[in-house]
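Trainee: I would like to go through this model and the terms used for it. Can we start with the core?

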Amino acid sequence: MNPPPIRERLSRSTPYAAEPPFSDLLAALNGWFASAARILPWRSDPTPYRVWISEIMLQQTVVATVIPYFRRFVARFPDVKSLADASVDEVLTFWSGLGYYSRARNLHKTARILADNGFPETRAGWEALPGVGPYTAGAVLSIAFDRPEAILDGNIERVWARFRCVPRGDRFKEHLWRLSRYAVETTLRCGLSPSVINQALMELGALVCRPSKPECHSCPFSPRCRACASGKQDDYPQRRTGNGVETIEETVYVYMLVDGRVYLPPPSESQRWRKGMRDFPTEEIPGWRPFVRYLGRSVTTHSVTRYKVIRTAEVYMMESPAVALRFADSFFGDLTGIPYSAACLKTFKNLFNFR
Ligand code: SF4
């Protein structure tokens, strides 16, 4: 037998009959957000363009990291036309260090579509765009257009999983999405703003219902939160079985000049990682061996999506001025103005030991 719908389970008379209705919790959440919301640059002027840029940047990246990138990005590309008119290399340069570079490439592709067709106002319209999934579509539509669209990010997942002690089974995500949709429907019925409530839910997960040590005493959901009532906050969301992280080892070759500049060739089409980024070569440059002196190696680790990349950099000093001169365009003393990956930056910083 199928379980009863969420709204029945949240409103029927059960041992929770003395609890306040869900609409009261949302009203309390609304009030909490008005006093606790952080001042974030994309919140000051939530146009569809700025919300979309911020949501793409915030995918798998924390707010504190995104803030300076967002400011620089919208200063250079203040609207969708300026982004569409830019080259992908320039967009990647402004994204350098933020990681997950397919986001920047998709952003650029999407900008060109939006510049021609305008911003969609339906979920289907947004989800048809490169790099836009159900979360981003719901976030842009609700935050920028105040449409009653549900969202579910990592922060909201944690809130719902604890709020109803949702077990991590096959239907885990489905259950959480239903809660998000129910929240949006109730928001509308109570005359609250979907834009505010969705942002408030995310903020609640980020500031109060944190992964460890949630502050239940200041949480507007505490009167009906099952995890809080049973003291099981640390048990939800339940852990995934197996961490799913794959370790990859790679070697890169660092060719350094006496003045500290290093060789970063232009990106090649065959690059598996970090497409379109400058990075150290993963193979020795044929014919350079007689002109270089081995200095040593440095090891860095870097996480990208579900991979842990252990990178060994073999460091050489280039001792032939003639070779250095021939490839002068690809030797760099710093990474300003070029698209580079976070792994490249880590290796680069590690080279100070050899300088
Ligand atoms: S009461 Fe505690 S566990 Fe429940 S949603 Fe609020 S912060 Fe999270």
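Mentor: In the largest nonpolar core, I53, V140, W160, L201, L204 and V254 touch the most other members of its 80 residues. This is a predicted model, where local features need pLDDT of at least 70, side-chain atom pairs count only at pLDDT 80 or more, and totals for chains, interfaces and linings use all residues. Residues are numbered from 1 along each chain as its sequence is written.

Trainee: Why is this called a nonpolar core?

Mentor: Because a nonpolar core is a set of buried Ala, Val, Leu, Ile, Met, Phe, Trp, Tyr and Cys residues joined through C-beta atoms within 7 Å. Buried means 20 or more other C-beta atoms within 10 Å of a residue's own, with C-beta atoms placed from the backbone.

Trainee: Which helix gives the most to this core?

Mentor: Helix α3 (residues 48-58), with seven residues. Helices are DSSP runs (H or I, at least four residues), numbered from the N terminus.

Trainee: What makes I156, V159 and A183 contacts of L201?

Mentor: Two residues are in contact if their C-beta atoms, placed from the backbone, lie within 7 Å. L201 touches these three, not counting residues up to four places away in sequence.

Trainee: Which domains does the core draw on?

Mentor: At least three residues come from each of domain 1 (6-235) and domain 2 (246-354). The bounds come from an automatic or database domain assignment. The domain centres, taken over C-alpha atoms, are 38 Å apart. Domain 1 puts nine residues into the contact and domain 2 puts in 13 residues.

Trainee: Which helix supplies the largest share of the shell around the ligand?

Mentor: α10, with three residues.

Notes. Helix = DSSP H or I, 4+ residues; strand = E, 2+ residues; numbered from the N terminus. Buried ≥ 20, exposed ≤ 12 C-beta atoms within 10 Å, placed from the backbone.
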